[in-house]
Amino acid sequence: MLIYLSKKIAIPNNTKINCLEWNSSQDCIAVGGDDGLLKILKIDSGNSADGKPKGLAGQANLSINKTLEGHSGSVLAIVWNEKHNKLTSSDENGLIIVWTLYKGTWQEEMINNRNKSIVKGMAWNGDGEKICIVYEDGAVIVGSVEGSRIWGKELKKLMLTGVQWSPNSKFLLFTIKTGEVHLYDSDGNFVSKLGIACLPISSNNAVISACHWLGRDMKGSPQLAIAYKSSHVQLMRDQYDMNPVVFECDMSIVAIKWNHNGNVLALVGSLVVDGDVKESNVLELYSPFGEHLRTLRIPGFMVSACCWESTSLRITLAIDSFVYFANVRYDYPWCYFAGTIVYAYRNYEESVTDITFWNIKKNEFYHTKYDSLLCMDAYKDYCVLAVRNNNDPSKPCSLIICNNINTTVDSKHINFEPIWIAINGTHVIVSSFTSFMIWQYSVPKSLSASILNTKRKKVKMIHIDDTPSGIDELTQESSDFKSLSFQKETKDRITCITASDQYLFIGRESGALQKYSLPQVALVERKILAYKPYKLALNSNSKRLAVIDSTGILTLLDISEDNLVSGSTSSEVPNSFQRRDVWTMKWASDDPELLAIMEKTRMYVIRGFHPEEPISTSAYIASFENLEIQAVMLDEIIQSPDNPSLDYIITLETKSLRDTRQLLEKVSITEAIKFINDNPHPRLSKLLAEASLQALDLTTSETAFVQCQDYHGIKLVKQLGNIHDVQLKHAEVAVYFGDYAKAEKLYIEADRKDLAVILYQKLGNWFKVVELLKSSSSLVGISGLTMNLAWQGIGDHFLDNQQWDLAVEYYKKADNPEKLVECYIMLKDYESLASLAKSLPENHPLLETISVFFINSGMVEDDSSNQNFSKRMLTTIEIDTSKINEHINNLNNSNRDQWLENVKGLLTVVSKCINGERYMEAAQLIFAIVCQEIKSDIQPNIIRQLSTAGALLIEEYKDRNVKSTLSDVDEVVINDFKAIPFKSRAEIIANSWRIVESIHFLILAQKQLYNGDFRLALWTSLTLRNYEDLLNNEQVYSIIALAAIANSSFNIASRAFMKLETIATKKNYSQLSLIIFSKYPPKDDVTLSIQCYSCLNNFPAWSLKCPQCKTKPEANIVSGQPLTDIKSVWCCRQCKRNATTTDMEPLNYCPLCRKEVILTF
């Protein structure tokens, strides 16, 4: 993290500023000061010329500067109501003004002046409906947004200094001049005093300088901050927190403020430096758990206030008569590898950390969640995540190796919490403040390497004060270890780590820099730096180290390899190169001399020790390769992490690459050669080779291709040397650059259309091949098979795109019967398939394929000698009814091993009927299976799916019955089917959805019982009595009895048991009812009744019909309850079943037939 001053705005007439507040919704600042000063300021960063966001790198201009006139005394307090777009201000005379924005102008809406005391604090609650105003003399007023007083109170003998609302608006927090903090409820009733643990016991009447209660629930993270002028700070999770975070900072605190998501606390105040009060203002940033993050010295005589920007990327400071802006650059948890950005953000609603893998090449996202992410790093094709496991104390933390699609390839559980992490090609290094661990991971590509190193320990833990020699690493086998010495504290803690395949570097608080060799892990060098290292980075050959210290100063160190032994100490190599305000860096992966750094909002490329011209950006550096830097605007991504835009990915070129392009385009190749010789790089040689190739300077081009080791380019130059026609040379060059249209034109101009045909043939562009072949009757060098290949290629194109009808046209031209059969099968074109079969010779292998398709489709019987594939044969199919009856009767056989075979036999006949458009017969057979199995113990979900399929076939039959071409086909005789209660077509059509409905309510009643909805389960189970002719009656009345007992409706339960006792069964329901009703009388706690929607008469729920008008109530297919209000009834367009519109509103499909729901017309 780095913080630095970026902009300053001066207030006219040197008017001192007393307070300021940022409006997140309007993105503007209200500034209050002496002499009635009240201003509205707005800073616009703007976008770049191409419309893409520039973030903090945008030019910050003052777009709004309005003065609000109304106060005569010094404005001491201002507060925004963002929900209602109001501003409330108060001055030293007690005058309170509420301002509102009307037609672009801020106007006074309300004025109040108590004239008794000074306002010490104002705060709007979370929803902006209430404001609390506290006065120095103890008066408290709570008012509404409309201006009316809700309640007022005099807190006698208390001098108030401030007020805060709780995030849920249920409590008010008052700070007292004596240092106490009192808690009241929202109605003004005293609740308690807050326990203050941050003050020393000897301190009395400590002055509270500031208090801020974050307006959102952080779920486990501190959100209430109380700061005393004496530098003591207390952070609490809520008002009842008995274990607050306390710390002490080295300054006299003036103001504190949480950022927008509560992960950083800003403190401003004054610090006496060597007895001089000049330049003594300071801004410090802390984590919610009291960890010091950054310190910024700020100019001026006296700082008075601070506030955060809406995105927390800037802090605004009020110092004397100036408004300062400080930019904050965060150390986000993120990494980049294999074209994928991995970033993490906290999901406070679910109390987890969301991690997103964003493939920026394909714009694809892969998401995962962990309890907490500690750190991450990446190397080439893999990244490593260190995560905390809150639900497994035995495995508190884990290391997870992932590829770029978020697939775990290796993992390791560890028993300590890592702070820093690094990864190279074979090892992961994780570190706490005192020790580090090296783990040899395994991935598919490095499996062979792991086998070669089986004698090396896979895990090694080392304390930072130890001096490992690396010898025991080669002799000890991998085994479990104890980490008692590993947990030992040290006076000089670790601050940063970095690693390459050869070395590991660790920085310490004292400035010590320790170098270890890898993979043996031997301490080979120890340097003492003059500063505390904060970030480390090794270049590509591990010979130079970049160090950013805790103040943002970058230093480059040359790493010696031969003059120091283990445990020795030396000072750093003298080096005058330094850069200030650096917050991130990245070495080029292919050039050890190139380093990209971010300095404030400028990116510099350092070649050796010489910086190039800067580029204005605020992006984070992802990769540096081939003189191109890929950067990511993480600030914008983290603000909206769910759907980031590719506009947030920036590709920047180094100055040498830009200059080479300019020389090649606007000067000459000769000058470019001189520049490239002074700045050698394969990418520049590649540019030179391509430019020389376009100019047909083959000598220069060949030399440049050799320098960049491009074999294909060298081969092309050799080929061009053997071509004498200049136009053909230019055509081959156009092909190399992918400009095929230009190459085609040049080939035709050179009268070599055959080469154009060969080019498109290689490219697979068969449309162009056909076009060129049609334009010329004969081409030299082109065989007669080329046209057939073109037709074949076009057919394959349409086949791949599932455009089978178009593919057929071209396969016919190509005379390809194999592909034609494939297309006809996909199109179900029986007549064309039969016609093709007749044209094929005997014993052709395709005949077997065609016959198998017809047999599986039910078009013909399994007769190998039958070669008549006409669809009309379907009318002569005879279905063996006796065999079907045998299958149906065997469904209920005690030998259930044959059940699947019997169902399979029936479904085969069903498939034949459907393919022959005999939907009624298919539905009859399905319902035969359903009605046979509905009374057995099979899972009802299976039966429901079958019955729904049968009902949908009936709907298909009704739609096609009038226009059916097979109406003369005799229906299947089902009179002998004992399983199905409906014998005629009319009965099947009338009752198809009734069968589905019965199974639906059976499943619904059981779900409601399992979910504990006993009242709804009772209503649904009573509905089942309407389907006694279909369902298993023992099962129906068992569910009614169970639901009635659970609902304490023992009268209904008694009736159900009476019915069960009349059913012939092996179960002793009489004994069970005796046990139940000897304890509970057969009375309902609450009598269930139904109001008839026809005559409005109430009748008992047990009755199936209204006894007065004989109307039968319909059941709601969503809840199972009877429908009593027909005015709010929704009816399905397909199954014609009903439900209330309220129940159907959240649903997209009918719960019975899955038809799309339409509620409005």
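A residue counts as buried here when its relative accessible area is under 20%. Keep that in mind as you go through these views of a predicted model.

**View 1. The whole protein chain, as a place to start.** Of the 1161 residues in the chain, 51% count as buried. The chain has 26 helices and 61 strands, and about 55300 Å² of it is exposed, with carbon and sulfur atoms supplying 49% of that area. Among contacts with a separation of 6 or more, 47% join residues 24 or more positions apart.

**View 2. An open sheet of 4 strands.** Here the strands follow the order β18-β19-β20-β21, with antiparallel pairing. The edges are β18 (208-213) and β21 (245-248), each of which pairs on one side only. From one strand to the next, the twist averages 10°. As general background, strands of a sheet pair through backbone hydrogen bonds, either parallel or antiparallel.

**View 3. A closer look at β18, β19 and β20.** Strand β18 is mostly covered, with 5 of its 6 residues buried. It is joined to β19 by 5 bridges, and the two run antiparallel. To find your way, look for His 212, whose bridge partner in β19 is Ala 225. Moving on, β19 (residues 224-228) pairs with β20 (residues 232-236) over 4 bridges, again in the antiparallel sense. Ala 227 is a handy landmark on this side: its bridge partner in β20 is Val 233.

**View 4. The largest nonpolar core and Trp 334.** This core has 76 residues, and Leu 285, Ile 315 and Trp 334 touch the most other members. Helix α5 (residues 682-694) provides the largest share of the core, 6 residues. Setting aside neighbours within four places in sequence, Trp 334 is in contact with Ile 341, Val 342, Tyr 343, Met 376, Tyr 620, Ile 621, Ala 622, Val 632 and Leu 634. In soluble globular proteins, nonpolar side chains tend to be buried together.

**View 5. A second, separate core.** This one has 73 residues. To locate it, look for Cys 913, Ile 954, Trp 993 and Ile 999, which are included in this core.

**View 6. Helix α13 and the residue just after it.** Which residues of α13 (residues 804-814) are buried? They are Ala 807, Val 808, Tyr 810, Tyr 811 and Ala 814. Follow the chain just past α13 and you meet Asp 815, which takes a positive phi of about 55°.

How values were computed. Residues numbered from 1 in each chain as written. Predicted model: local features only at pLDDT ≥ 70, side-chain atom pairs only at ≥ 80, totals over all residues. Heavy atoms only, no water. Buried < 20%, exposed > 50% of the residue type's maximum accessible area, 1.4 Å probe, protein only. Contact = heavy atoms within 4.5 Å. Areas by Shrake-Rupley, 256 points an atom, 1.4 Å probe, with all protein chains shown as cover. Pairing = 2+ DSSP bridges. Axes fitted to C-alpha atoms, helices over the stretch in contact; angles between N-to-C directions. Core = buried A, V, L, I, M, F, W, Y, C linked by side-chain atoms within 4.5 Å.
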